[in-house]
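Please walk me through this protein, beginning with one pair of charged side chains and moving out from there to the helices around them.

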Amino acid sequence: MAENLDYLDNLIDQGNDTVAEVEVEMALLALCMRRDNAVIKAVENKLIDQDFSDVRNSTIFSVIIDMFLENKQIDRITVFSELERRGLADKAGGQRYIYHVGDVPAVQSALPSYIEAIRERSDSAKLYRTIDKIKNKASKGDLHASEAIDYAIDEISRLKNTGDTKGFEGMPEILKATMSEITSELKDD
């Protein structure tokens, strides 16, 4: 068990990240190194390298996506070689870490859960950063109350990705729904 801690040593500087979050990221990366459909599912779910909490995993994911798009073979050996070629092997944790990630036990049927866990943590982190940004702007007195509210709504609305079915709705969707309701009410009367 002590050797497993070697891979996680630099988590001390990772802020609020937990070992469990990093392990989920590693499981997803392991699947991506084993099966192209894992990469496809990650991309379909709009997962990007910035969604990863650990810089090593983010770097590895970015290279895996690039390799997939270039139709290259993806496994722990080829990923390490590509990271080394780009001068990113150390940033990605070195050969030992990358090979360890490739060997992490991961369950194919849990792939949607891995993606959702990474997405949820990333969305939460973005929300907290946005709230801090809003709080700082408002506390400096740069904005009047009504401007602060508008600013907060704009900033939080930007967190909503187009195509998502949860979170805030954009103004066009709200207007369409409202117009539909009004038309329906007029027809009923």
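Which residue forms a salt bridge with Asp51, and how far apart are the closest N and O atoms? In this predicted model, the partner of Asp51 is Lys126, and the closest N and O atoms of the two are 3.4 Å apart. Asp51 belongs to the loop between helix 3 and helix 4, whereas Lys126 belongs to helix 7, so the salt bridge ties together parts of the chain that are 75 residues apart in sequence. The two ends of this pair can also be described by how much of each is open to the surroundings: Asp51 is buried, because its relative accessible area of 0% falls under the limit of 20%, while Lys126, with a relative accessible area of 23%, is partly exposed.

It helps to set this pair against the whole chain. The protein chain has nine helices and zero strands, so that a reader following the sequence meets the pattern α-α-α-α-α-α-α-α-α. Of its 189 residues, 33% count as buried, and the accessible surface comes to about 11900 Å², with 54% of that surface belonging to carbon and sulfur atoms. If one takes the contacts between residues at least 6 apart in sequence, 67% of them join residues that are at least 24 apart.

Helix 3, which covers residues 36-44, comes before the loop that holds Asp51. The buried residues of helix 3 are Ala38, Val39 and Ala42. Looking down the axis of this helix, one finds these buried residues within an arc of 100 degrees, and therefore they line one face of the helix. What covers them includes helix 2 (19-34), helix 4 (55-69) and helix 7 (111-139). Just after helix 3 comes Lys46, which takes a positive phi of about 55 degrees, a positive value in a residue other than glycine. Lys46 lies in the loop between helix 3 and helix 4, and with a relative accessibility of 39% Lys46 counts as partly exposed.

On the far side of that loop, helix 4 holds Arg56. The side chains of Arg56 and Asp54 meet in a salt bridge, at 2.7 Å from N to O. Side chains of opposite charge can pair when their charged atoms come close. Are the two partners, Arg56 and Asp54, buried or exposed? Both Arg56 and Asp54 are buried, and for Arg56 the relative accessibility is 4%. Arg56 can also be placed with respect to Met26, which is 30 residues away along the chain, since their C-alpha atoms are separated by 9.7 Å. Thr59, too, is found in helix 4, and is buried with a relative accessible area of 8%. Leaving aside residues up to four places away in sequence, Thr59 touches Leu83, Leu88, Lys91 and Ala92.

Beyond helix 4, the chain passes into the loop that leads to helix 5 (76-85), and Asn71 lies in this loop. The phi of Asn71 is near 60 degrees, again a positive value in a residue other than glycine, and Asn71 is exposed, with a relative accessible area of 71%. On either side of Asn71 in the sequence are Glu70 and Lys72, whose side chains meet in a salt bridge at 3.1 Å from N to O. Glu70, at 43% relative accessibility, counts as partly exposed, and Lys72, at 34%, counts as partly exposed as well. These two residues are also part of a network of salt bridges that links Asp66, Glu70, Lys72, Glu82, Arg85 and Arg86. In the structure as a whole, a search finds ten salt bridges.

Finally, the path returns to helix 7, the helix of Lys126. Which residues make a nonpolar surface patch of about 290 Å²? The patch is made by Leu127, Tyr128 and Ile131. Of these, Tyr128 is found in helix 7 and is exposed, because its relative accessible area of 55% lies over the limit of 50%.

Terms used. Residues are numbered from 1 along each chain as its sequence is written. This is a predicted model: local features need pLDDT of at least 70, side-chain atom pairs count only at pLDDT 80 or more; totals for chains, interfaces and linings use all residues. Side-chain values use heavy atoms; hydrogens and water are left out. Buried means under 20% relative accessible area, exposed over 50%, partly exposed in between (1.4 Å probe, protein chains only). Helices (H or I, at least four residues) and strands (E, at least two) are DSSP runs, numbered from the N terminus. The arc is that of the directions from the helix axis to the C-beta atoms. Contact means heavy atoms within 4.5 Å. Patches are made of residues with over 30% relative accessible area and no salt bridge: like charges are joined within 9 Å, nonpolar side chains (Val, Leu, Ile, Met, Phe, Trp, Tyr) within 5 Å. Accessible areas come from the Shrake-Rupley method with a 1.4 Å probe; for residues, only the protein chains shown count as cover. A salt bridge is a side-chain nitrogen of Lys or Arg within 4 Å of a carboxyl oxygen of Asp or Glu.
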